[in-house]
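This note sets out points for a colleague who is reading the model alongside its sequence. Please take the points in order.

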Amino acid sequence: FQGGRSFPRAVADTTPQFKVVRATKLNSIVLVIDTSASMETRNKLTRAVQAATYFIEDGLDNGVFLGLVTFSTVATVVTPITELTSEGSRSVISQKLPRTTEGKTSIATGLLTTLQLIKNHENSTSGGFIVLITDGRGTTTPTLDDARSAIKDSGVIINVIAFDDDKDTSLEKLTTETGGRYYYDTREEMSTSAVDAMLDIYRFFDSDSDRIPVQIVSETDYLAPFQTMSGSFKLDLSLGKHTRAIITYTSELPPNITVTSPTGRRYCYLYPEYFNDPILKRVKLSIPFLAEIGHWNYAIKNSEAASSYVVSIVVMSSSRNSTIPTLKFSGDILLENNTWPIRSVVVAEVTRNGMPAKDLTVRGIVSRPMAAPEIIELYDNGAGADAVKGDGIYSRFFTRFSTSGHYSLNIEMLDARGETIVASGISNFITFSDSESSQIATGYASSVHIEHPQLPVSRPTDSVVVDEYPPMRITDLRVLHTCAANGSVVLAWTAPGDDLDYDTASSYTIVMSSSVEAIINSQELPLLDNTYVIKGNLYAPKSFGDKEEVSVLFLSFVCVLLCAARHRRITS
């Protein structure tokens, strides 16, 4: 600063500026459904209407205001924004859902018409909540780029369920810019992502509500003649009100459906709570009053001798008692880097009454482009991708990329070892046990577009899996016991996996030194092989997350030890 060499700089105003994404919370939702000709392929319109029906009749609570807009070349307000007050008011809207397709695709026209509908109802568009269901980019004017400024300035929140991969990510960017969410339903006929996304959208719309139903089961299968799809689920002490099973099918006639309670009571087509919609190809089986606590079973049988078809089942239930909170969860696919090799982390946070839900079995089902879904178990053990043990955040690295495109994540939760712990009131906890483990909740979590030039452009038929991911670092190496009499030490750690926290490493190396500095500086140090192992095997590591324990001779060293896993290359 001598000699006046450092003059004050002229800087712009540094007053913090905030952009309020959601200024007001409106109680209205508008469904905007694409009815262009392309929605006819692969039953996309049918799947869209099935998801919308699920949303209207079984997802939304009374008191919500709902409107319906359809669009192709032009847009039509099918129903104005109307309050849902009863099953009758829901049915009025769901019966008006589109059944036919025609024309080109003008997403901008649909959205601009929706903005005007919201403004007419609310005297403002700020905070308006839109759910757009479409199969891709616009094919006629006005384009989405033409309307982007008007949409962003309106303050609406746009959520998108896309039936085709948005390769230019324009719709995904629009959801980010407006504070909404993007969901991708794969091209697979057996996908239930659209239905699963609808309940997640309602959780996003009304995140503070305890009345949002919990989705327990979401499964699909291809049934050959006389084949049966069966499974089980569990209702704990927190659930049991408005329990219903919703089955969709692609055959002319509905399958034979049976839902059995824990005490053996069978619900089927003979009950008045059974309702079949032959146009939507949708069966709804409601359990009257409060459903029994415990393990339920379901069976869906193809009774036709000459045809095969796809069936799906969704089971949901609402809170039994306001004093017993239901399970809540959220999840995401986090992309860690854009360089090769790509790394991502699958994360699920599970809570009950605001507290971590522990001792669950949590699975992530990652839908991949041009490949079968990858099912991975997530861990809350403080190892691998999981940062803190027992905090209710379950995580795992994901590296099984197939090709560039959208990757969607669903989360499944099962009660570990058949035990479920739920909060009763504020401080008391109730535990009940069963010998069987069953699914207790499931739902759509998130999607992400991943693209890299080194990812294959098509599904490989026969490929070499190159090991480009090292094992995880061993961060919990500890000494359990020492014995001066025979010069041994017992070491323990968590198995780190092979590709990050996947699979099993090929071997371990133990480095020994009397100097910490020597290990840090990677000096030439003696290695212990299996000849020094009294108990355990350095060449037979366990799978990721398992506890390792070995007893080794440490000779005359005053030991400082480091344990590391060597990765391997696998050809398949």
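The points below cover the two open sheets, one helix, the largest pocket and some backbone details.

1. Status of the model. The structure is a predicted model, and the remarks that follow should be read with that in mind.

2. The six-stranded sheet. One open sheet has six strands in the order β3-β2-β1-β4-β5-β6, with mixed pairing. Its edges are formed by β3 (75-83) and β6 (182-184); each has a single partner strand, so one side of each is left without a neighbour in the sheet. Direction ignored, neighbouring strands of this sheet are turned by 15° against each other on average.

3. Strand β2 and its partners. Residues 65-71 form β2, which pairs with β3 in the antiparallel sense over six bridges; F65 has E83 of β3 as its bridge partner. With β1 (residues 28-34), β2 pairs in the parallel sense over seven bridges, and here D34 is matched with F71 of β2. Strand β2 is mostly covered, six of its seven residues being buried.

4. The four-stranded sheet. A further open sheet consists of four strands in the order β26-β27-β31-β30, with antiparallel pairing. The edge strands, β26 (478-483) and β30 (533-535), each pair on one side only. The average turn between neighbouring strands of this sheet is 30°, direction ignored. Strands β27 (residues 488-494) and β31 (residues 547-553) are joined in the antiparallel sense over seven bridges, and A492 has E549 in β31 as its bridge partner.

5. Helix α4. Which residues of α4 (residues 144-154) are buried? They are L144, A147, R148, I151 and S154. Seen down the axis of α4, these buried residues fall within an arc of 135°, so they line one face of the helix. An α-helix has 3.6 residues a turn, so residues three or four places apart point the same way. The exposed residues D145, D146 and D153 are carried on the face of α4 turned away from its buried side.

6. The largest pocket. The space in the largest pocket amounts to about 1,200 Å³. Its lining comprises 43 residues, and E57, D58, E87, H242 and R244 lie nearest the centre. By class, the lining divides into nine nonpolar, 18 polar and 16 charged residues. At least two lining residues are supplied by each of α1 (44-59), α2 (87-94), β9 (239-249), β12 (274-277), β13 (282-286) and β15 (309-319).

7. Cis peptide bonds. The bond joining T141 and P142 is cis, with omega about -5°; P142 is in the loop between β4 (129-134) and α4. A cis peptide bond also runs from W340 to P341, where omega is near 0°. P341 belongs to the loop between β16 (327-335) and β17 (344-352).

8. Positive phi values. N43 is not a glycine, yet its phi is positive, at about 55°; N43 lies in the loop between β1 and α1. Its relative accessibility is 39%, so N43 counts as partly exposed. M370, in the loop between β19 (360-367) and β20 (374-378), also has a positive phi, near 60°, and is a residue other than glycine. M370 is partly exposed at 40% relative accessibility.

9. The loop position T475. Is T475 buried or exposed? T475 is exposed, because its relative accessible area of 66% is over the 50% cut-off. This residue is found in the loop between β25 (439-450) and β26. The C-alpha atoms of T475 and T494 are separated by 8.2 Å, the two residues being 19 residues apart along the chain.

Definitions and conventions:
Residues numbered from 1 in each chain as written. Predicted model: local features only at pLDDT ≥ 70, side-chain atom pairs only at ≥ 80, totals over all residues. Heavy atoms only, no water. 1 Å grid on protein atoms, 1.4 Å probe; cavity = no way out; pocket = protein on both sides within 12 Å on 5 of 7 lines; lining within 4 Å. Points joined across faces, edges and corners; volume = space filled by probe spheres on them. Nonpolar A, V, L, I, M, F, W, Y, C, P; charged D, E, K, R; others polar. Pairing = 2+ DSSP bridges. Axes fitted to C-alpha atoms, helices over the stretch in contact; angles between N-to-C directions. Buried < 20%, exposed > 50% of the residue type's maximum accessible area, 1.4 Å probe, protein only. Arc of directions from axis to C-beta.
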